[in-house]
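Trainee: I would like to take one close look at a single part of this model, the pairing of its strands, and then hear how the rest of the chain is arranged around that part. Please take your time over the answer.

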Amino acid sequence: MKKLIFIILSALSLSVHAEFVPEGNPAPSRQHVNTVHEAKTEFGDNAHIVLEGYITGSAGTINPEEYFFKDDTDTIKIEINPDVWRGQKVTPQTKVRIAGEVDINRFNNSREIEVHRLDIVK
């Protein structure tokens with residue numbers, strides 16, 4: 001009986017895994033960083049993506065949460081909900097890393113990124 005309990009406890013302890021990520025050190029930094037060009041040409045709807053670049057300004061649409069994002073390859077429209085900002089101050093000169101999903105508009109086949117996380121790159 002003691003052997004059985006030991007085996008069960010050993011198996012349970014092997015299956016438990018945790019990782020500490022310090023505040024301000026986001027998990028997306030370990031992910032592969034894609035380009036805007038790839039987001040526009042190689043990814044399907046709802047694909048998860050990580051980009052690094054600059055938010056250049058408002059997209060000028062009726063939705064105040066839409067902005068333009070630029071990297072060395074191209075520019076794309078992004079949508080950032082207020083809670084994603086997390087109080088961070090970003091200017092067009094601030095390099096950021098965004099993680100989100102590709103959103104394809106079925107009517108005109110345009111693409112934008114729905115941002116789930118935004119971090120300043122230091």
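In which sense do strand 1 (residues 48-58) and strand 2 (residues 66-70) pair, and over how many bridges?

Mentor: Strand 1 and strand 2 pair in the antiparallel sense, and four bridges hold that pairing. Before following the strands further, please keep in mind that this is a predicted model, with an average pLDDT of 83 over the chain and 75% of the residues scoring at least 70. One stretch deserves caution, namely residues 11-22, over which pLDDT stays under 50 and for which the model has three contacts beyond four places in sequence. Where pLDDT is low, the predicted coordinates should not be read in detail.

The setting of the strands is a chain with three helices and five strands, which follow one another along the sequence in the pattern α-α-β-β-β-α-β-β. Within the pairing you asked about, glycine 57 has phenylalanine 68 of strand 2 opposite it. Strand 2 also pairs with strand 3 (residues 75-80), again in the antiparallel sense, this time over five bridges, and these two strands form a hairpin with four residues between them. Phenylalanine 69 belongs to this second pairing, where its bridge partner in strand 3 is isoleucine 76.

From strand 3 the pairing continues to strand 5 (111-120), and here the two strands run parallel and are joined by four bridges. In strand 5, valine 115 is the residue that stands opposite isoleucine 80. Strand 5 is in turn joined to strand 4 (95-104) by nine bridges, with the two strands running antiparallel. Glutamate 101 stands opposite a residue of strand 5 that is likewise a glutamate, glutamate 114. Strand 4 and strand 5 form a hairpin with six residues between them, and asparagine 109 lies in its turn. That asparagine has a positive phi of about 60° although it is not a glycine, and because its relative accessible area is 55%, asparagine 109 counts as exposed.

Phenylalanine 69 leads from the strands to the interior, since the residue is named among the members of the largest nonpolar core that touch the most other members. That core has 20 residues, and the others named with phenylalanine 69 in this respect are Ile55, Ile78, Ile80, Ile113 and Leu118. Helix 2 (36-41), helix 3 and each of strands 1, 2, 3, 4 and 5 supply at least two residues of this core, with the largest share, four residues, coming from strand 4. In soluble globular proteins, nonpolar side chains tend to be buried together. Leaving aside neighbours within four places in sequence, the contacts of phenylalanine 69 include Leu51, Tyr54 and Ile55, as well as Ile76 and Ile78, and also Val36, Val96 and Ile98. Over the whole chain of 122 residues, 30% count as buried, and among contacts between residues at least 6 apart in sequence, 54% join residues at least 24 apart.

Strand 2 also takes part in the one aromatic pair that the structure holds. The partners are tyrosine 67 and tryptophan 85, set edge-to-face with 5.6 Å from centre to centre and 80° between the planes. The pair links distant parts of the chain, for tyrosine 67 lies in strand 2 and tryptophan 85 in helix 3 (residues 82-85), 18 residues apart. Tyrosine 67 counts as buried because its relative accessibility is 19%, and tryptophan 85 is buried as well, with a relative accessible area of 17%.

After helix 3 comes the loop that leads to strand 4, and arginine 86 lies in that loop. Like asparagine 109, arginine 86 is not a glycine and yet has a positive phi, in the case of arginine 86 of about 50°. Its relative accessibility of 43% is why arginine 86 counts as partly exposed. Glutamine 88 is found in the loop between helix 3 and strand 4 too, and the side chain of glutamine 88 reaches the backbone oxygen of leucine 118 at 2.8 Å. Beyond its neighbours within four places in sequence, glutamine 88 is in contact with Leu118, Asp119 and Ile120. Leu118 has already appeared here, as one of the core residues that touch the most other members.

Terms used. Residues are numbered from 1 along each chain as its sequence is written. Side-chain values use heavy atoms; hydrogens and water are left out. Two strands pair if DSSP finds at least two bridges between them. Rings of Phe, Tyr and Trp (its six-membered ring) pair if their centres lie within 6.5 Å; planes under 30 degrees apart count as stacked, over 60 as edge-to-face and the rest as tilted. Buried means under 20% relative accessible area, exposed over 50%, partly exposed in between (1.4 Å probe, protein chains only). pLDDT is the predictor's confidence in each residue, from 0 to 100. Contact means heavy atoms within 4.5 Å. A nonpolar core is a set of buried Ala, Val, Leu, Ile, Met, Phe, Trp, Tyr and Cys residues joined through side-chain atoms within 4.5 Å. A polar contact is a pair of N or O atoms within 3.5 Å; within protein, one must be able to donate a hydrogen and the other to accept it, and residues adjacent in sequence count only if both atoms are side-chain atoms.
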